[in-house]
Amino acid sequence: MLQNAIKPVLDPRALAHELSNKLLINGKLIPAVSGKTFPIYNPATQEHIADAAEGAADDVDCAVQAAARAQKLWGKLAARERGKLVQECGRVLNNHLEELAQIMTLETGKAIRTESRVETGVFTDILHFYGGLGSELKGETVPFKSDMLTFTQHDPIGVVGAIIPWNVPLLLMALKIAPALVAGNAVIVKSPEEAPLTVLRACQIMNQILPPGVLNMLSGDGPECGAPLVQHPGVKKVTFTGSVETGKLIYKMAAEKLIPVTLELGGKSPMIVMGDADLEKAVEGAVIGMRFTRQGQSCSAASRMFVHDSIYDTFVKQLKAKVDAMKIGDPFDDKTDIGSIISQQQFDKVKSYIQIGEKLSGVTALRCSAMPTDAKLKEGYFVQPVIFTGISNDSKLAREEIFGPVTCVIKFKDYEDAISQANDSEYGLAATIWTRDLKTALDATQRLEAGLVQVNQNLVVQANMSYGGVKNSGLGREASLEAMLEHFTVKKTIIVNLA
């Protein structure tokens, strides 16, 4: 048992107040050097819930110095011992799952039953998974010459900068910090501007277990906090999830230092439904795959659905009925399926795409479900899911990532045409094929240009399943042993002359 262990706070507003104006550096919660803050709002009500510390270059420097000092000792600790400590973090965090789900719902507007509670469970699962891989940080012996002992080992890179988005902050943070820590690195997390509180609380809880400075957290915007983190000479690796545009900027900054980067960027994921598909499963898969319970705020969302013309009308009818049955409302209500969009900026963006689609000739916009009627939610960023039919793959809505509850259902007759249209995108993160024909399924898995291809299912990211994109969807992979070895260690070759 931890002495003076942090106790769960189940009042999310009280916790938000407690976490206001705090960064986490060298194991301590402190304000930004400048003393500046920025407001955090509940997107479901626009209620002002906290003021986050506005980190900048001075704070980045403090965090990097603390991380660099801590990493020297952390990297020398046996890998299995590091893994045990990361697993212990997961065990302790299990006592805070409801607390984390509550604060996440408050600052992101995600429905607590369908999203926040699920994510907190996955967060600790990933920590346990990677914690158990400490013993896999092993090298190889090389048969070079009989009188020379030649072998390799995996050394930690040093200080890692991890920049995460707001849509699934704990899950995506876990995919970065867990392998980095087990591999012997120290980490500085740059939290999302819209939702820094859940990340800060999780890092604070983990710092009860980890040595001071091994895991730090900064909040602030991209230019003033994120950019200095990437450009700091003490940061030896950057891992980022976010937009293509920001990913390219980070790639350029990292190139100036010649340091490695991992980028998980956007997506416009295709879902191909063949005429012989199990229609009930395909429709359910479309609801799950489009991440409607996350308001479509997912880079792997099935936002382009290619449906064979023989079942097109039936598919659309059943899909609309499924989404109509979902409840939009108070994210804290266990009866709610769909919460709110994260911010005014994202809300306006999603609405603008819907307006564009509604003006397209021959296109039908099927609005689903119903807006909440609760008066306290009238100012919230709620958007009805929209299914666009009669739309083509070359339309703006089918080409660009909307990051909202908007999907395009596109009719096709020929399988070859469906594959061609699915691949006709600058993105390549995920894809699915729905069919009862094994030959068609296996052919599609080989030809679809995506880092993750699934058949007759639309699962979210899973621990031990390599995840990442091709084309403009990013560089590198996450969620696997290989991700830890390839992206958070340096392979060293050692030759010992025995003669």
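## Val189 and the core around it

Start with Val189 in this predicted model. Setting aside neighbours within four places in sequence, Val189 is in contact with Ala162, Ile164, Met173, Ile177, Val199, Leu215, Asn216, Met217 and Leu218. Val189 also belongs to the largest nonpolar core, which has 73 residues. It is listed there among the residues with the most contacts inside that core, along with Phe123, Tyr130, Met173, Leu181, Val187 and Met206. Helix 6, running over residues 169-182, gives the most to this core, with 11 residues.

There's another core too, lying apart from that one. This one has 31 residues, including Val273, Ala286, Met290 and Tyr312.

## Helix 8 and its cover

Now look at helix 8 (222-231). Which of its residues are buried? They are Cys225, Gly226, Ala227, Pro228, Leu229 and Val230. The cover over these buried residues includes three helices and strands worth finding by number: helix 2 (57-74), strand 6 (159-163) and strand 7 (186-190). Strand 8 (215-218), strand 9 and helix 9 are also part of that cover.

The N-terminal end of helix 8 has a cap, and the residue doing the capping is Asp221. One of its side-chain oxygens lies 2.8 Å from the backbone nitrogen of Glu224.

## The largest pocket

The largest pocket has a volume of about 1300 Å³. It is lined by 49 residues, and the closest to its centre are Trp166, Glu193, Glu194, Ser243 and Thr246. Sorted by class, the lining has 25 nonpolar, 14 polar and 10 charged residues.

Which element supplies the largest share of this lining? That would be helix 9, with 6 residues. Helix 9 covers residues 244-257, and it is one of several elements that each supply at least two lining residues. The others are strand 3 (37-42), helix 8, strand 9 (237-241) and helix 12 (344-358).

Ser343 ties in here through one of its contacts. You'll find Ser343 in the loop between helix 11 (312-324) and helix 12. Is Ser343 buried or exposed? Its relative accessible area is 16%, so Ser343 is buried, as the cut-off for buried is under 20%. Beyond its neighbours within four places in sequence, Ser343 is in contact with Glu194 and Tyr381. Glu194 is one of the residues closest to the centre of the largest pocket.

## The second largest pocket

Next comes a pocket with a volume of about 360 Å³, the second largest. Among its 18 lining residues, Thr114, Glu115, Ile288, Thr293 and Val460 are the closest to its centre. Two elements give two or more residues to the lining, helix 5 (112-131) and helix 10 (279-289). Helix 5 gives the most, with 5 residues. By class, you get 10 nonpolar, 2 polar and 6 charged residues in this lining.

## Closed spaces and Thr432

The structure also holds 4 cavities of 30 Å³ or more. About 200 Å³ of space lies in the largest cavity. Its lining is made of 24 residues, with Arg291, Ser298, Ser300, Val461 and Tyr467 the closest to its centre. Helix 6, strand 11 (270-273), strand 16 (430-434) and strand 17 (452-455) each give two or more residues to that lining. The largest share, 3 residues, comes from strand 16. Overall, the lining of the largest cavity divides into 14 nonpolar, 7 polar and 3 charged residues.

Strand 16 is also where Thr432 sits. Thr432 counts as buried because its relative accessibility is 3%, and the limit is under 20%. Its side chain makes a polar contact with the side chain of Trp434, at 3.0 Å. Leaving out neighbours within four places in sequence, Thr432 is in contact with Pro270, Met271, Ile272, Leu448, Gln454, Gln457 and Asn458.

## Two loop residues with positive phi

Leu258 has a positive phi of about 60 degrees, although it is not a glycine. Leu258 is in the loop between helix 9 and strand 10 (261-264). With a relative accessible area of 77%, Leu258 is exposed.

Ala479 has a positive phi as well, near 80 degrees, and is likewise a residue other than glycine. Its loop runs between strand 18 (474-475) and helix 16 (481-487). What is the relative accessibility of Ala479? The value is 1%, so Ala479 counts as buried.

Note on methods
Residues numbered from 1 in each chain as written. Predicted model: local features only at pLDDT ≥ 70, side-chain atom pairs only at ≥ 80, totals over all residues. Heavy atoms only, no water. Core = buried A, V, L, I, M, F, W, Y, C linked by side-chain atoms within 4.5 Å. Buried < 20%, exposed > 50% of the residue type's maximum accessible area, 1.4 Å probe, protein only. Helix = DSSP H or I, 4+ residues; strand = E, 2+ residues; numbered from the N terminus. Contact = heavy atoms within 4.5 Å. 1 Å grid on protein atoms, 1.4 Å probe; cavity = no way out; pocket = protein on both sides within 12 Å on 5 of 7 lines; lining within 4 Å. Points joined across faces, edges and corners; volume = space filled by probe spheres on them. Nonpolar A, V, L, I, M, F, W, Y, C, P; charged D, E, K, R; others polar. Polar contact = N/O pair within 3.5 Å; in protein donor to acceptor, adjacent residues only side chain to side chain.
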